[in-house]
Amino acid sequence: MLMKTLRHLTAFLFCLVLGNTLWAQDYVDLLKFRYESTPLNGYEGVEGGNARIDEFTLDATVPVVLNDRVALITGFIGESLSSKFTPNDTNVTQVFGTTLKLGLNVQHNDRLSIQYVLLPKISSDFIEIGSDDIQLGGVVLAKYAKNDYFKWKYGLYYNGELFGAFFVPLFGFYYHRPGSPWEFDITLPLAANANYAFNQKWSAGAHFGAFVRTYNLNKPFFTEQGEYLQKNNQELYFYGRFEPVKNVLLEAGAGFTVGRRFGIYDEEDRVRFGVSAFMFGDERPEPANPNIKDGMIFSLRAVYRYPL
């Protein structure tokens, strides 16, 4: 009954949705859920104590056609992150991010389409909601079709993080030749995916992700003033994928983190601006908390994918 309802809902949505000339892939992921967990790890430079890290992400996208060249992009991203970010933390601290997606996908010609998307966000521990919890960002991403199976991607991501303005130049490609078991979806430096399909039901691949997030801490750890948590994460994991019913994908993966950091800073600690992995004018003191060590990461993922 649930799958029948989903099929009817999706059919209705795609009476309004874009043709495949507006998408890098030959499908759209309407709904994505991900759970990631890192088992107990110690703290750098501290004897004793350990922390487990749990993350949840729910990502929904609804594109709607306005005319034969322009489509509206709407959606929502909800995130949660929980751990003991200091050795003396008696309770798990949880922070959240809620992001709205609102933008346009414009087909400029037969080969070039560009997405212009605003990404306003509330990012904090949600104990209180105020102006310090609000961040404003956006992305411009161009997709140029070299042929039917290879598309270049390039653009710029921006977000007003709590440490200051943060920019990420984007460059990558999407490749999937009809009949080939290989699929590559690369958007560096944020993400890279390679997938190999054994048959219509089973596939396997590798995922790399790198991102920066900041969360306002209304309940500070070390001062009477405000603080924020900065998360820098690079992770690589390998996964197996199964499609139990058409358009529903289930994944399980395992890998490791590289150079992951969770730093707590005073709200006045800022940088001039950041560009990808580089921070300019960064005279902030070391974070007040010891960092959680790198370790293994385990991932579960579910996707509702609609083929175009």
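Guide: Before we start, one term: contact means heavy atoms within 4.5 Å. Also, this is a predicted model.

Visitor: Fine. What does Val95 touch, leaving out residues up to four places away in sequence?

Guide: Val95 touches Glu79, Ser80 and Leu81. Ser124 and Asp125 are also on its list. Tyr215, Leu217 and Leu229 complete the set.

Visitor: Where is Val95 found?

Guide: In strand E4, which covers residues 93-107.

Visitor: Is Val95 buried or exposed?

Guide: Buried, because its relative accessibility is 0% and the cut-off for buried is under 20%.

Visitor: How far apart are the C-alpha atoms of Val95 and Phe126?

Guide: They are separated by 7.0 Å. Along the chain, these two are 31 residues apart.

Visitor: Now Ala71. Which strand does Ala71 lie in?

Guide: Strand E3. Ala71 counts as buried, at 0% relative accessible area. Its C-alpha atom is 6.6 Å from that of Val106, and 35 residues separate the two along the chain.

Visitor: Let's talk cores. How many residues are in the largest nonpolar core?

Guide: It has 15. Those with the most contacts inside it are Val139, Tyr157, Phe163, Phe166 and Leu170. Strand E8 (137-145) and strand E10 (164-175) supply at least two residues each. E10 gives the most, with 3 residues.

Visitor: And Tyr157, what does Tyr157 touch, not counting residues up to four places away in sequence?

Guide: Leu119, Gly138 and Val139, for a start. Then Phe166, Phe167, Val168 and Leu170. Another core, of 12 residues, lies apart from the one above. Tyr43, Ala51, Ile264 and Ile292 are among its members.

Visitor: Switching to the surface. Which residues make the nonpolar patch?

Guide: Leu31, Phe33, Phe56 and Leu58. The patch is about 340 Å². Strands E1 (27-41) and E2 (51-65) each supply at least two of its residues.

Visitor: Which strand is Phe56 in?

Guide: Phe56 is found in strand E2.

Visitor: Why does Phe56 count as partly exposed?

Guide: Because its relative accessibility is 37%, and partly exposed lies between the 20% and 50% cut-offs.

Visitor: On to rings. How many aromatic pairs does the structure hold?

Guide: 19. Phe150 and Phe173 form one of them, and that pair is stacked. The centres are 5.4 Å apart, with 15 degrees between the planes. Phe150 sits in strand E9 (residues 150-161) and Phe173 in strand E10, so the pair ties together parts that are 23 residues apart in sequence.

Visitor: Buried or exposed, that Phe150?

Guide: Phe150 is buried, with a relative accessible area of 17%. Phe173 counts as partly exposed, at 26% relative accessibility.

Visitor: Which residues do ring pairs link into a cluster?

Guide: Tyr149, Tyr175, Trp182, Phe184, Tyr196 and Phe198.

Visitor: Charges next. How many salt bridges does a search of the whole structure find?

Guide: It finds 12. In one of them, Glu79 pairs with Arg213, and their closest N and O atoms are 3.4 Å apart. Glu79 lies in strand E3 (residues 70-83) and Arg213 in strand E13 (residues 202-217), so this bridge ties together parts that are 134 residues apart in sequence. Glu79 is also on the list of residues that Val95 touches.

Visitor: What do Glu79 and Arg213 count as for burial?

Guide: Glu79 counts as buried, at 14% relative accessibility. Arg213 is partly exposed, at 21%.

Visitor: And which residue does Glu251 form a salt bridge with?

Guide: Arg241, with the closest N and O atoms 2.6 Å apart. Glu251 is in strand E15 (residues 248-257) and Arg241 in strand E14 (residues 227-245), 10 residues apart. Glu251 is buried, and so is Arg241.

Visitor: What about Arg284? Which side chain does Arg284 meet in a salt bridge?

Guide: Asp282, at 3.0 Å from N to O. Arg284 counts as buried, at 12% relative accessibility, whereas Asp282 counts as partly exposed, at 35%.

Visitor: Last one. Which residues are linked in a network of salt bridges?

Guide: Lys32, Asp59 and Lys101.

Conventions. Residues numbered from 1 in each chain as written. Predicted model: local features only at pLDDT ≥ 70, side-chain atom pairs only at ≥ 80, totals over all residues. Heavy atoms only, no water. Core = buried A, V, L, I, M, F, W, Y, C linked by side-chain atoms within 4.5 Å. Buried < 20%, exposed > 50% of the residue type's maximum accessible area, 1.4 Å probe, protein only. Helix = DSSP H or I, 4+ residues; strand = E, 2+ residues; numbered from the N terminus. Patch = residues over 30% accessible without salt bridge, like charges linked within 9 Å, V, L, I, M, F, W, Y side chains within 5 Å. Areas by Shrake-Rupley, 256 points an atom, 1.4 Å probe, with all protein chains shown as cover. Salt bridge = Lys/Arg side-chain N within 4 Å of Asp/Glu carboxyl O. Phe/Tyr/Trp six-rings, centres within 6.5 Å; stacked < 30°, edge-to-face > 60°.
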